[in-house]
Amino acid sequence: MRTVTLEVASREKTDRRVLAAFEGKPQGDFLSFETPALLFQVLTPPRWELLSALTGVGPVTPGEAAGRSGRDSNAVQDDLLALVAAGILDRADGGRFVFPYDAVHVDFFLQAA
């Protein structure tokens, strides 16, 4: 099973992971956001639902994504493009979109300043 971790991480932490990967140390799959606000700005509730509908299903057309998520095709198309722009979804052949993971783990801390 391929799992991606969505995390809130500083630029320094992300840079350390990239450098370790260049040294051949496996890091796993991460999508990092600098702040919780940025994570929630990119992953709005409808986009979370869309990711849930696309997790583990392979490439889908925008119409298939709309059907799986129970949403309007135009709204889903806009969200698909926003998730591609954010590096969360990939484009596939034939106008399809793919979320290449079977599971999502979200990791961040909220603590007093």
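**Entry 1. Terms and overall layout**

I take a helix to be a DSSP run of H or I with at least four residues, and I number the helices from the N terminus. With helix 3 delimited in this way, I looked up what follows the helix: just after helix 3, Gly56 takes a positive phi of about 80°. I note at the outset that the model is predicted.

I then listed the secondary structure of the protein chain and found five helices and five strands. Read from the N terminus on, the elements run β-α-β-α-α-α-α-β-β-β. I looked up the extent of the C-alpha trace, which spans about 40 × 35 × 20 Å along its principal axes. Of the 113 residues in the protein chain, 29% are buried. Among the contacts with a separation of 6 or more, I find that 64% link residues 24 or more positions apart.

**Entry 2. The sheet**

I asked in which order the three strands of the open sheet are arranged. The order is 2-1-5, and the pairing is parallel. Strand 2 (29-33) and strand 5 (103-107) are the edge strands, each pairing on one side only. From one strand to the next, I record an average twist of 20°.

I next followed the pairing of strand 1. Strand 1 (residues 3-8) runs parallel to strand 2 and is joined to strand 2 by five bridges. On that side, Glu7 stands opposite Ser32 in strand 2. Strand 1 also pairs with strand 5 in the parallel sense, again over five bridges. There I note Leu6, whose bridge partner in strand 5 is Val106.

**Entry 3. Helix 3**

I looked up which residues of helix 3 (residues 45-54) are buried, and found Arg47, Leu50, Leu51, Ala53 and Leu54. Seen down the helix axis, these buried residues fall within an arc of 160°, so they line one face of helix 3. I recall that an α-helix has 3.6 residues a turn, so residues three or four places apart point the same way.

I then asked what the buried residues of helix 3 pack against. Their partners are helix 2 (36-42), helix 4 and helix 5. On the face turned away from the buried side of helix 3, I find the exposed residues Pro45 and Ser52.

**Entry 4. Helix 4 and Ser69**

In helix 4 (residues 62-69), I find Pro62, Ala65, Ala66 and Ser69 buried. They cover an arc of only 100° around the axis, which puts them on the same side of helix 4. The buried residues of helix 4 pack against helix 3, helix 5 and strand 4 (96-98).

I asked why Ser69 counts as buried. Its relative accessible area is 16%, and the cut-off for buried is under 20%. Leaving aside residues up to four places away in sequence, Ser69 touches Leu50, Ala53 and Val76. Of these contacts, Leu50 and Ala53 are among the buried residues of helix 3. Just after helix 4, I find Gly70 with a positive phi of about 70°.

**Entry 5. Gly87**

I located Gly87 in the loop between helix 5 (73-85) and strand 3 (90-92). Is Gly87 buried, exposed or partly exposed? Gly87 has a relative accessibility of 40% and therefore counts as partly exposed, since that class lies between the 20% and 50% limits. I also checked Gly87 against Leu31: the two residues are 56 apart along the chain, and their C-alpha atoms are separated by 8.1 Å. Leu31 falls within strand 2 (29-33), an edge strand of the sheet.

**Entry 6. Aromatic rings**

I asked how many aromatic pairs the structure holds, and the count is one. The pair consists of Phe99 and Tyr101 and is edge-to-face, with 5.2 Å centre to centre and 65° between the planes. The angle meets the edge-to-face criterion because that class requires planes over 60 degrees apart. Both Phe99 and Tyr101 are buried.

Lastly, I looked up the ring of Phe30. Arg17 lies over the face of Phe30, at 3.8 Å from the ring centre. Phe30 belongs to strand 2 (29-33).

Key. Residues are numbered from 1 along each chain as its sequence is written. This is a predicted model: local features need pLDDT of at least 70, side-chain atom pairs count only at pLDDT 80 or more; totals for chains, interfaces and linings use all residues. Side-chain values use heavy atoms; hydrogens and water are left out. Two strands pair if DSSP finds at least two bridges between them. Helices (H or I, at least four residues) and strands (E, at least two) are DSSP runs, numbered from the N terminus. Axes are lines fitted to C-alpha atoms, for helices over the stretch in contact, and angles run from 0 to 180 degrees between N-to-C directions. Rings of Phe, Tyr and Trp (its six-membered ring) pair if their centres lie within 6.5 Å; planes under 30 degrees apart count as stacked, over 60 as edge-to-face and the rest as tilted. Buried means under 20% relative accessible area, exposed over 50%, partly exposed in between (1.4 Å probe, protein chains only). A charge sits over a ring if NZ of Lys or CZ of Arg is within 6 Å of the ring centre and within 35 degrees of the ring normal. Contact means heavy atoms within 4.5 Å. The arc is that of the directions from the helix axis to the C-beta atoms.
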